[in-house]
Amino acid sequence: MLAKEIMTASPACCSPTDTLQAAAGLMRDNDCGAIPVVEAGKVIGIVTDRDIAVRAVAEGMRSDTAVDGVFTRDPRCCSVNDDVREVQRVMADSQVRRVPIVDAVGRVVGIVSQADLARASDRLVSEHEVAIVVERISEPASGKQSQSTDSLM
């Protein structure tokens, strides 16, 4: 099974100059917890609901602050034609719950979340494999400083 078969296609995206309020609004309107950050048509980062809460709100940032100050840069991405097991490996190795899916030139065309993996489990990905990914994502970072609060979750 390929990433393009389980991804959420055409995810909502924002730019690094968009405000935290705009990003949070996109999350609300699209019922998601992560928004790829795009510049010149290419994914350059990802901002999560947790980034907004822990990095921004907890630090007293205003809602009109640019996303640029809180998003995770250079997220690990997968290709539309990568096997789902590669997406699982990236999630587990990077300790992230979501992986942007990009085309051949780096444009974000989808996103795969833990929920997408769980829904795919009845088709090809075993429940055991999903459980291993969830366990590895949830492991403490053992002294690593995370780029994103989502990176450890």
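I take buried to mean under 20% relative accessible area, and I keep that cut-off in view throughout these entries on a predicted model.

**Entry: strand β6**

I began with β6 (residues 98-102) and asked how many of its residues are buried. Five of the five fall in that class, so the strand is largely enclosed by the rest of the structure. I then looked at the two faces separately, and found R98, P100 and V102 buried on one side, with V99 and I101 buried on the other, so that both faces of β6 are covered.

For the strand's partners, I noted first that β5 (residues 78-79) pairs with β6 in the parallel sense over two bridges, and that C78 has I101 as its bridge partner in β6. With β7 the pairing is antiparallel and runs over five bridges, one of the partnerships being that of V99 with V112 in β7. I also looked at the connection between β6 and β7, which is a hairpin with five residues between the strands; in its turn, G106 takes a positive phi of about 90 degrees.

**Entry: the sheet β2-β3-β4**

Next I turned to an open sheet of three strands, which I read in the order β2-β3-β4 with antiparallel pairing. Which strands form the edges? They are β2 (34-39) and β4 (72-73), each of which pairs on one side only. Between β2 and β3 (residues 42-48) I found six bridges in the antiparallel sense, and I recorded T48 of β3 as the bridge partner of A34.

**Entry: helices across the sheet**

I looked up how the helices are placed on these strands. Helix α2 (residues 20-30) lies across β2 and β3 and runs at about 130 degrees to β2, whereas helix α3 (residues 49-57) lies across β3 and β4 and runs at about 65 degrees to β3. The buried residues of α2 are L20, A23, G25 and M27, and they pack against β2, β3 and α3. Just after α2, I noted that D31 takes a positive phi of about 50 degrees.

**Entry: I35**

I picked I35, which lies in strand β2, and asked whether it is buried or exposed. Its relative accessible area is 0%, and I35 therefore counts as buried. Leaving aside neighbours within four places in sequence, I listed the contacts of I35 as A12, C13, C14, A23, L26, M27, I46 and V47. Two of these names, A23 and M27, I had already written down among the buried residues of α2. For C14 I also looked up the C-alpha separation from I35, which is 6.7 Å although the two residues are 21 apart along the chain.

**Entry: the second largest pocket**

My last entry concerns the second largest pocket, in which about 250 Å³ of space lies. I counted 14 residues in its lining, and T8, D31, C32, G33 and I111 are the ones that lie nearest its centre. The elements giving two or more residues to this lining are β7 (108-113) and α5 (114-120), and the largest share, three residues, comes from α5. By class, I recorded six nonpolar, four polar and four charged residues in the lining. Two earlier entries connect here: D31, one of the residues nearest the pocket's centre, is the residue I noted for its positive phi just after α2, and β7, which contributes to the lining, is the antiparallel partner of the strand β6 with which I began.

Key. Residues numbered from 1 in each chain as written. Predicted model: local features only at pLDDT ≥ 70, side-chain atom pairs only at ≥ 80, totals over all residues. Heavy atoms only, no water. 1 Å grid on protein atoms, 1.4 Å probe; cavity = no way out; pocket = protein on both sides within 12 Å on 5 of 7 lines; lining within 4 Å. Points joined across faces, edges and corners; volume = space filled by probe spheres on them. Helix = DSSP H or I, 4+ residues; strand = E, 2+ residues; numbered from the N terminus. Nonpolar A, V, L, I, M, F, W, Y, C, P; charged D, E, K, R; others polar. Pairing = 2+ DSSP bridges. Contact = heavy atoms within 4.5 Å. Axes fitted to C-alpha atoms, helices over the stretch in contact; angles between N-to-C directions. Buried < 20%, exposed > 50% of the residue type's maximum accessible area, 1.4 Å probe, protein only.
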